[in-house]
Structure formats: C-alpha cells, structure tokens
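The exercises below are meant to be worked through with the coordinates open beside the text. Each task is followed by a solution that proceeds step by step.

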Amino acid sequence: MRFFVTGVNGQLGADVMRELAGRGHEAAGSDIAADAACPEGTSYYSLDITDKEAVKKTVTAANPDVVIHCAAWTAVDMAEDDDKADTVRKVNAAGTENIAEVCRDLGCAMVYISTDYVFKGTGETPWDPDCRDFCPLNFYGLTKLEGEEAVRRNLDKYFIVRTAWVFGLNGNNFIKTMINAGKKHDTVRVVNDQIGTPTYTKDLARLLVDMCETDKYGYYHATNEGGYISWYDFCVEIYRQYGLDTKVIPVSTEEYGLSKAARPRNSRLDRSKLAKEGFKPLPGWKDAVARYLKEADL
C-alpha cells in the first residue's frame, strides 16, 4: 500500500513513518519544514497544508491509497490568543479540509487524528466514539471538531481517531516536562481532578496502520489500556519508574491555577469499539511508560 503522512516532524507522525517503513509499505511524509529525518526508503515533501493548491499538487503526485493526517496546531493555550486564532483555524480546520478534498478526488482513504477536547469534558462517563454531544471547552478543541466535520462532509472512507495525553520520542510531552522538573525541584504540584489515560505514539502508530489495512471505517477512540488516572497518578508512576524521589503534591485545577485554555476534567475515552471491530488494543500505559523511558534519553 502507498501512504502519505502529514506532520512527520511531530511525535505521532514520526512514529507512523517508522511503523510504515517497518512493515514494508511505500510511504511519503510531509511537514512544513524544509526537511525531516524520515526512515530509509521513504520520501519527504515540504508542504504547508493551508495552501490548497500545494496540497492538491503534492498529494496527487504521491498518489496514495491512504493519507494519515497527523499535522495540527497543538499549542492549546497559545490557540486562545486573538492574534493566533486565524492561523489555528487555517491549520486545524481549513488545512484538514484541503487534505479531505484531495482524498475525495483521488478516491483514497483518510485517517484524521482528533482529540477528547471536542467533548465538553464534564461528568465521569467515558465518551463513546460515536457520541455527537460536542461542546469544546477551548478554541483548539473547536478547530479540531471543525476538522472532524470537514472529513465527514467530504469522505465516506475515513477513520477519525480521537486520542489523549500523547507522549512520544519526537518532541516535548508531559513525561519529559515532569522529569526535568523533578530533577530541579524537591516537590512538584500536579492536578488530580483531570482524568484520562496516556497514549504512547509508538503504540498508536501500530494501531493506525492496522486500521488502514482494513475497510472498517468510522469513529474510534484510542489510548493505552490500564484504566483511567489523573495527571497526578501519571506523574507518580513516571517518577517511580525513573527513580526520582521528588515529592508529588496533588492539587485541584483551581489550586494549580487557570490556564488560558480551559481543560476537560473528564478525558475518559471509551476504547471498547476497537476490540468489537477486531483491532488489537494498545498495551497498558505503565508498560508503555517503561518502554518509552528505555528508549528515550532523559
């Protein structure tokens, strides 16, 4: 199969390219940068997804069977700035529509990576992947929902995969941030009233390619297994595995201090549809942290 992957300089995009290369698929990666460290045997295109004509020309030339769209604006707090709003929407909504339209024209399938932020983030019930009770708490979530709708509006052959609390080797993430903080401070404060599950991009990449090798299209939720936890629980386990004695103090969202962008308290994603459709779930999150720490140079 031939694949075209956007956002390959990001955490997930980089792992998707490695997964595709490892399985022997023909893969072309893209990002806005002039170059990227793509695996041997793959190709790279510099591409601004907000440029409609460039998207059409580049993706058409690659002629993929599937486009895995990992590129996105993910700086959640910065997205709230008035001077960034237009850019965020161009990337997450219009850029996604540009990709969806060329997929429609080529007759190829598309994978769109979305987020729990499309939901209102209240209650304790895990969000079902086919739930339509959308109410984003912040501008980032709104533009990601607009991206979902662009995919659904233009295509029949699509996977919309929502994930949360992502960490990977290629870029910054919560694990790196907390280990750096734990090395510098005797104590750290971490919120304990925002609940979800971490996701290792290496594991998610495997699942995405598994999906693309089928025609079981639709909405899915994908995080690592192992139950729902707080950011506090996550940090405690990271320090335990890494061997840091830093004291972790649990605090509420209000005690921690408000961010520019509101954060969901309920980031629980119901992953049961994966098994129902015959897909192998991701491993437990504690196991994922152990493997990540072994591979990362922290």
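**Exercise 1. Charges and overall dimensions**

How many positive and negative side chains does the chain have, and how far apart do the centres of the two sets lie? Then consider whether the radius of gyration agrees with that of a compact globule.

*Solution.* Note at the outset that the model is a predicted one. Counting the charged side chains gives 37 positive and 45 negative, and the centres of these two sets lie 2 Å apart. For the dimensions, a compact globule with 298 residues would have a radius of gyration near 19 Å, and because the chain has 19 Å, the two agree. Along the principal axes, the C-alpha atoms fill a box of roughly 55 × 40 × 40 Å. The accessible surface of the chain amounts to about 13,100 Å², with 47% of it belonging to carbon and sulfur atoms.

**Exercise 2. Secondary structure and contacts**

Determine how many helices and strands the chain has, and what share of the contacts with a separation of 6 or more comes from residues 24 or more positions apart.

*Solution.* The chain contains 10 helices and 15 strands. Among contacts with a separation of 6 or more, 78% are accounted for by residues 24 or more positions apart. As for burial, 54% of the 298 residues count as buried.

**Exercise 3. A strand and its neighbour**

Establish how many residues of strand β6 are buried, and whether β5 and β6 run parallel or antiparallel.

*Solution.* Begin with the residues of β6, which spans 158–163: six of the six are buried, so the strand is largely enclosed by the rest of the structure. Next, separate the two faces, where Y158, I160 and R162 on one side, and F159, V161 and T163 on the other, are all buried, so that both faces are covered. Finally, turn to the pairing: strand β5 (residues 109–115) is joined to β6 by six bridges, and the two run parallel. Within this pairing, M110 has Y158 of β6 as its bridge partner.

**Exercise 4. Two residues with positive phi**

N63 and W165 each have a phi near 50°; decide for each whether the residue is buried, partly exposed or exposed.

*Solution.* N63 is found in the loop between α2 (52–62) and β4 (66–69), and its relative accessible area of 37% makes it partly exposed. W165 lies in the loop between β6 and β7 (166–167), and this residue is buried, because its relative accessible area is 9%. For both, the phi value is positive in a residue other than glycine.

**Exercise 5. The surroundings of W165**

Identify what S230 and F234 touch, leaving aside residues up to four places away in sequence.

*Solution.* S230 is placed in strand β13 (residues 229–230) and counts as buried at 3% relative accessibility. Its contacts are W165, V191, N192, Q194 and I195. F234 belongs to helix α7 (residues 231–242) and is buried, with a relative accessible area of 1%. The residues touched by F234 include W165, F167, F174 and I175, together with P198, I229, W285 and V289. Of these, V289 is 55 residues from F234 along the chain, while their C-alpha atoms are separated by 9.4 Å.

**Exercise 6. A separated pair**

Where is D105 placed, and how far apart in space are D105 and T163?

*Solution.* D105 is in helix α3 (residues 85–106) and is exposed, with a relative accessible area of 52%. D105 and T163 are 58 residues apart in sequence, and the distance from C-alpha to C-alpha is 28 Å.

How values were computed: Residues are numbered from 1 along each chain as its sequence is written. This is a predicted model: local features need pLDDT of at least 70, side-chain atom pairs count only at pLDDT 80 or more; totals for chains, interfaces and linings use all residues. Side-chain values use heavy atoms; hydrogens and water are left out. Helices (H or I, at least four residues) and strands (E, at least two) are DSSP runs, numbered from the N terminus. The radius of gyration is taken over C-alpha atoms; the globule rule is 2.2 Å times the number of residues to the power 0.38. Buried means under 20% relative accessible area, exposed over 50%, partly exposed in between (1.4 Å probe, protein chains only). Contact means heavy atoms within 4.5 Å. Accessible areas come from the Shrake-Rupley method with a 1.4 Å probe; for residues, only the protein chains shown count as cover. Lys and Arg count as positive and Asp and Glu as negative; His and the chain ends are not counted. The place of a charge is taken as NZ of Lys, CZ of Arg, CG of Asp or CD of Glu. Two strands pair if DSSP finds at least two bridges between them.
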